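Please look first at the sequence and then at the three-dimensional model shown below. The report then describes the chain as a whole before turning to its surface.

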Amino acid sequence: MEKVEESMNKVEEEVERVVEQARELQESGAALISIISKDEQSIRLKANSLESSIRRLRSSITSLLSQKLLDPKLAEKLEEDLQTARCIITNGDAASFLPAKAHGKFLRMFLGPINVRAARKEVQLKVKEEYNSYRDRTAFLFLIFPLILLILRSWIWEGCLPAFPVQLYEAWLLFLYTGLALRENILQANGSDIRPWWIYHHYCAMATALVSLTWEIKGQPNCSQKQRGVELFLQWAMMQGVAMLLQNRYQRQRLYTRIALGKAKRMDVVWGETSGVDGQLWILYPILFLMQGFEAYVGLLLLKTAFVGVVSEWQIIFCGIILVLMAVGNFVNTVQTLMAKSRFKAKMKSSKSKQELKLS
């Protein structure tokens, strides 16, 4: 009996000790959070003040330069120094203390009014790496999925695609583009330099995939004629998969080099026609232009199919218009990137020539 009472007292004492430790831990945690909050607020004020100073100095340099009160070479050097300061605070751990960008309607629609900006840099980089992994996985599926459908169409389905596997592929496309758009919006909120067009491009692709789910896949008779648009769309998807694999393979290596040289931010990602070395561009850009032309051709073919009266459903007209718009937008952005590269190379050659003249 005495042993039982002794055991009960011992357990009771241990429970009281655990409760006391929990209270002490709570008080320590609350004190630490209070200290961190005060320090964080102080650093946030300093970061905002520094960013305002950079904007003010840039405005002053521009004003003095326009009034010819400042030497252009000195102005260029000062701009580079300010850009260096800006990169330090935007690429380092202090970036989390800068004012967060307002999230777009797309993120609010899916996630609600929550802040998706990561406070720690390693978390931001983890989000970027996950996005890159997602692109790698989906690029492979982008190539394999339509290839399997086209092979089965020829070998098993006697030239006529059944509705279910095509709609399954379109549902996967909707999931893919929604995932890409969500990840890109989150990356943009965390400081990644993604061109707005590529996010809008994925919005258009989402709409196309959603509408194509309601598109009735016609069978016999005249199956090959009725499904010509579907066949070309699958072929274009294969080309898109090849282009994505090339971008992920070649351009990411170049992006790491640019980050090391300070020409890109650590949160930047490979998209569209990101910089590559000259040898890679001879492979990548022809494929990109060919794919864009084929995308426009598929869109025009869908419109022709609708207006001629072979299959005059509204889904075909909608998908045709969107494909043409996406092809034009991709082409314009690719040309703009090429022009920007040309201007940058010309500037580099000019500055190199000036340095050589000074040395001679």
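What follows is a short account of the chain and of two surface patches.

This is a predicted model, in which local features need pLDDT of at least 70 and side-chain atom pairs count only at pLDDT 80 or more, while totals for chains, interfaces and linings use all residues. Residues are numbered from 1 along each chain as its sequence is written, and side-chain values use heavy atoms, with hydrogens and water left out.

The chain has 10 helices and zero strands, where helices (H or I, at least four residues) and strands (E, at least two) are DSSP runs numbered from the N terminus. Of its 360 residues, 39% count as buried, a term that means under 20% relative accessible area, with exposed over 50% and partly exposed in between (1.4 Å probe, protein chains only). Among contacts (heavy atoms within 4.5 Å) between residues at least 6 apart in sequence, 75% join residues at least 24 apart.

The accessible surface of the chain, from the Shrake-Rupley method with a 1.4 Å probe, comes to about 21500 Å², and 63% of this belongs to carbon and sulfur atoms. Patches consist of residues with over 30% relative accessible area and no salt bridge (a side-chain nitrogen of Lys or Arg within 4 Å of a carboxyl oxygen of Asp or Glu); like charges are joined within 9 Å, and nonpolar side chains (Val, Leu, Ile, Met, Phe, Trp, Tyr) within 5 Å.

| Surface patch | Residues |
|---|---|
| negative charge | Glu12, Glu13, Glu14 and Glu16 |
| nonpolar, about 400 Å² | Met109, Phe110, Leu111 and Ile114 |

Glu13 is placed in helix 1 (residues 2–66), whereas Met109 lies in helix 3 (residues 105–111). Met109 counts as exposed because its relative accessibility is 60%.

How values were computed. Lys, Arg positive; Asp, Glu negative; His and termini not counted. Charge placed at Lys NZ, Arg CZ, Asp CG, Glu CD.
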